[in-house]
Amino acid sequence: MQFTRPTTDEFGDPIPSDTELNDGRVFKKSGNPIYPLPNDKSEYIRLNTQHYLLRYQLQCNYLSPVTNDLERGIKVLDVGCGTGIWSIDLAREFPNSTFIGTDIIDIFANETSTIPPNCSFLKADTFKGLPFPDGSFDFVFQRAQSMCFTAEMWPRVLREIVRVTKPGGYIELLEGSFPRNGGPATTRQVDWLLTFSCFRGVNDQFMSDPSVLSEAGIQNVVTATDMWRLGWDPDHALGEALAKNYVTVSRATRPLITAALGIGNDEYEETVQEIEEELSYRNNENRATMYIWRHYGRK
Ligand SMILES: C[S@@+](CC[C@H](N)C(=O)[O-])C[C@H]1O[C@@H](n2cnc3c(N)ncnc32)[C@H](O)[C@@H]1O
């Protein structure tokens with residue numbers, strides 16, 4: 001029987017030709033081979049939802065003391081920007097500032113909201129080098145890249161971020177861990193994810209250590225640690241949304257994890273369904289937690 005490649009995704013949108021289909025998910029061929037998440041509309045919706053969850057929980061889009069500068073008008077870079085939602089959100093709030101988002105693939109081109117005139121995007125692989133002269137930006141922000149780089153790659157990535165920041169400018173990073181303290185199914189799936197990440201050289205806790213920033217030449221580093229209580233936050237709407245976000249991530253990583261570890265799709269999906277139950281408010285024992293680290297400092 002001949003396999004016919006589908007031409008449209010689950011939303012009926014055309015699937016670009018420069019992609020690979022795996023277990024119903026779309027992966028761009030030109031993406032980072034270490035990064036395990038798909039490049040399709042379901043993932044773009046998840047990333048945008050995650051942005052608003054972070055903003056709601058942390059009650060801000062950044063921790064650095066740059067609000068007055070943003071109001072006055074500065075140049076801001078959003079590294080590995082994904083859909084570009086962080087830049088778009090800030091560009092609307094601070095029309096005097098200029099925002100540029102970069103990503104290894106042009107997933108920002110799929111953003112359906114109106115892009116403000118003070119916001120633009122371009123393709124760039126952070127590890128290979130950002131296409132800007134030294135000292136170009138007053139504020140450089142990078143978020144959710146822990147699955148993009150190995151421990152060996154991180155110092156070079158940080159040096160590149162420091163290079164494009166103006167002397168005295170601010171650098172801010174936000175990274176999250178995989179869940180810990182989960183029930184049996186969550187622990188089983190996280191163990192798969194950890195094994196898979198280990199094969200790729202990725203350590204989800206690497207950015208928990210602020211000394212990594214100091215070693216890259218970032219000064220006066222300030223760190224804040226927050227928790228994502230998946231399905232047990234006192235704010236039930238937040239807890240439910242965080243649990244749903246993790247269940248969505250679990251399904252999004254299924255194609256690559258099952259292939260790499262030789263796990264059957266059915267076994268994986270049954271585990272995800274058990275995770276949904278474990279992370280629900282019906283389970284009083286649930287304490288599954290993801291840690292969020294925010295660091296900022298100056299060049
Ligand atoms: C989890 S998403 C986070 C997106 C965005 N920062 C956010 O918080 O919504 C990670 C993004 O990093 C991008 N990425 C992966 N490797 C990269 C690299 N080497 N250079 C630039 N971007 C990269 C991916 O394409 C993806 O869009």
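Trainee: What share of the chain's contacts with a separation of 6 or more joins residues 24 or more positions apart?
Mentor: This is a predicted model, where local features need pLDDT of at least 70 and side-chain atom pairs 80 or more, while totals for chains, interfaces and linings use all residues. Residues are numbered from 1 along each chain as its sequence is written. Two residues are in contact if their C-beta atoms, placed from the backbone, lie within 7 Å. Counted that way, residues 24 or more positions apart make up 72%.

Trainee: What is the chain's radius of gyration?
Mentor: Let's take it over C-alpha atoms, with a globule rule of 2.2 Å times the number of residues to the power 0.38. For 299 residues that rule gives 19 Å, and the chain comes close to it, so it's as compact as a globular protein of that length, with a radius of gyration of 19 Å.

Trainee: How much of the chain is buried?
Mentor: Call a residue buried if 20 or more other C-beta atoms, placed from the backbone, lie within 10 Å of its own. Of the 299 residues, that covers 42%.

Trainee: Which residues touch the most other members of the largest nonpolar core?
Mentor: A nonpolar core joins buried Ala, Val, Leu, Ile, Met, Phe, Trp, Tyr and Cys residues through C-beta atoms within 7 Å. This one has 44 residues, and the top ones are Val76, Leu77, Phe139, Val140 and Ile161.

Trainee: Which residues does leucine 77 contact?
Mentor: Skip its neighbours within four places in sequence. That leaves Ile100, Phe137, Val140 and Val164.

Notes:
Buried ≥ 20, exposed ≤ 12 C-beta atoms within 10 Å, placed from the backbone.
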